[in-house]
Amino acid sequence: NTQGTAVTLDVEGYKAAFAQVTGTWTGTIAFEGTVNGDDWFAIVGTSVPGAATSSSTLVNGQWTFTVSGLFQMRLRNNELNSGNILVAIRAVV
């Protein structure tokens, strides 16, 4: 994985999304959304379990997101110091 790469999902028409991050890595992953496909902004995920909220992560885990009104969401490798990150995202109605 290289810095700046992202896993993006079309979420238009969906209410929620779930993301899972795994791997052996150090760095920062940003949670982002867009309503027009061009301008990205931070979105907040809620950790599962635990219910802590954040717009980024430094560790592996799972998060839920409210995506109503968004066109797309992504998890972007904001800063990768080492290792490989595995990201899966799924949207639900």
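Student: What makes Asn78 count as partly exposed?
Tutor: Asn78 has a relative accessible area of 33%. Buried means under 20% and exposed means over 50%, with partly exposed in between, so at 33% Asn78 is partly exposed. Bear in mind that this is a predicted model.

Student: Where does Asn78 sit in the chain, and how far is Asn78 from Thr5 in space?
Tutor: Asn78 belongs to strand 8. Its C-alpha lies 7.9 Å from that of Thr5, although 73 residues separate the two in sequence.

Student: What is the overall make-up of the chain, in helices and strands?
Tutor: There are eight strands and zero helices. The pattern along the sequence reads β-β-β-β-β-β-β-β.

Student: How do you know how compact the chain is for its length?
Tutor: Set its radius of gyration against the globule rule. The chain has 12 Å, and the rule gives 12 Å for 93 residues, so the chain is as compact as a globular protein of that length. The C-alpha trace spans about 35 × 30 × 15 Å along its principal axes, and 34% of the 93 residues are buried.

Student: Why are Phe31 and Trp63 called an aromatic pair, and why a tilted one?
Tutor: Two numbers settle it. The ring centres are 5.3 Å apart and the planes make 55°. The cut-off for a pair is 6.5 Å between centres, and an angle that is neither under 30 degrees nor over 60 is tilted, so Phe31 and Trp63 form a tilted pair. The pair links distant parts of the chain, with Phe31 in strand 2 (residues 16-34) and Trp63 in strand 7 (residues 61-66), 32 residues apart.

Student: What makes the pair of Phe31 and Phe65 edge-to-face?
Tutor: Here the planes are 85° apart, with 5.1 Å from centre to centre. Since edge-to-face needs over 60 degrees, 85° gives that name. Phe31 lies in strand 2 and Phe65 in strand 7, so this pair ties together parts 34 residues apart in sequence. The structure holds two aromatic pairs, and Phe31, Trp63 and Phe65 form one aromatic cluster.

Student: How do you know whether Phe31 and Trp63 are buried or exposed?
Tutor: Phe31 has a relative accessible area of 1%, and Trp63 has 6%. Buried means under 20%, so Phe31 is buried, and so is Trp63. Phe65 is buried as well.

Student: What do the side chains do along strand 7?
Tutor: They alternate. Gly61, Trp63 and Phe65 point to one face and are buried, whereas Gln62, Thr64 and Thr66 point to the other and are not.

Student: Which strands pair with strand 7, and in what sense?
Tutor: Strand 2 pairs with strand 7 over six bridges in the antiparallel sense, and Ala16 stands opposite Thr66. Strand 4 (residues 45-48) also pairs antiparallel with strand 7, over three bridges, with Thr46 opposite Thr64.

Student: How many bridges join strand 2 to strand 8?
Tutor: There are 19, and the two strands run antiparallel. One point on that ladder is Gly23, which faces Ile85 in strand 8. Strand 1 (residues 6-10) is joined to strand 8 by five bridges, again antiparallel, and Ala6 has Arg76 as its bridge partner there.

Student: Which members of the largest nonpolar core touch the most other members?
Tutor: Of its 18 residues, these are Val21, Ile29, Phe31, Phe65, Val67, Met73 and Leu75. Strand 2, strand 7 and strand 8 (72-92) each supply at least two residues of this core.

Student: What makes Arg74 a charge that sits over the ring of Trp40?
Tutor: The charged end of Arg74 is 3.9 Å from the ring centre. The distance limit is 6 Å, and the charge must also be within 35 degrees of the ring normal. Arg74 is counted as sitting over the ring of Trp40.

Student: How do you know that Ala51 is exposed?
Tutor: Its relative accessibility is 53%. Exposed means over 50%, so Ala51 counts as exposed. Ala51 is in the loop between strand 4 and strand 5, and has a positive phi of about 65° although it is not a glycine.

Student: What is the peptide bond from Val48 to Pro49 like?
Tutor: That bond is cis, with omega near -15°. Pro49 lies in the loop between strand 4 and strand 5 (53-54). For background, most peptide bonds are trans.

Notes:
Residues are numbered from 1 along each chain as its sequence is written. This is a predicted model: local features need pLDDT of at least 70, side-chain atom pairs count only at pLDDT 80 or more; totals for chains, interfaces and linings use all residues. Side-chain values use heavy atoms; hydrogens and water are left out. Rings of Phe, Tyr and Trp (its six-membered ring) pair if their centres lie within 6.5 Å; planes under 30 degrees apart count as stacked, over 60 as edge-to-face and the rest as tilted. Helices (H or I, at least four residues) and strands (E, at least two) are DSSP runs, numbered from the N terminus. Buried means under 20% relative accessible area, exposed over 50%, partly exposed in between (1.4 Å probe, protein chains only). Two strands pair if DSSP finds at least two bridges between them. A nonpolar core is a set of buried Ala, Val, Leu, Ile, Met, Phe, Trp, Tyr and Cys residues joined through side-chain atoms within 4.5 Å. The radius of gyration is taken over C-alpha atoms; the globule rule is 2.2 Å times the number of residues to the power 0.38.
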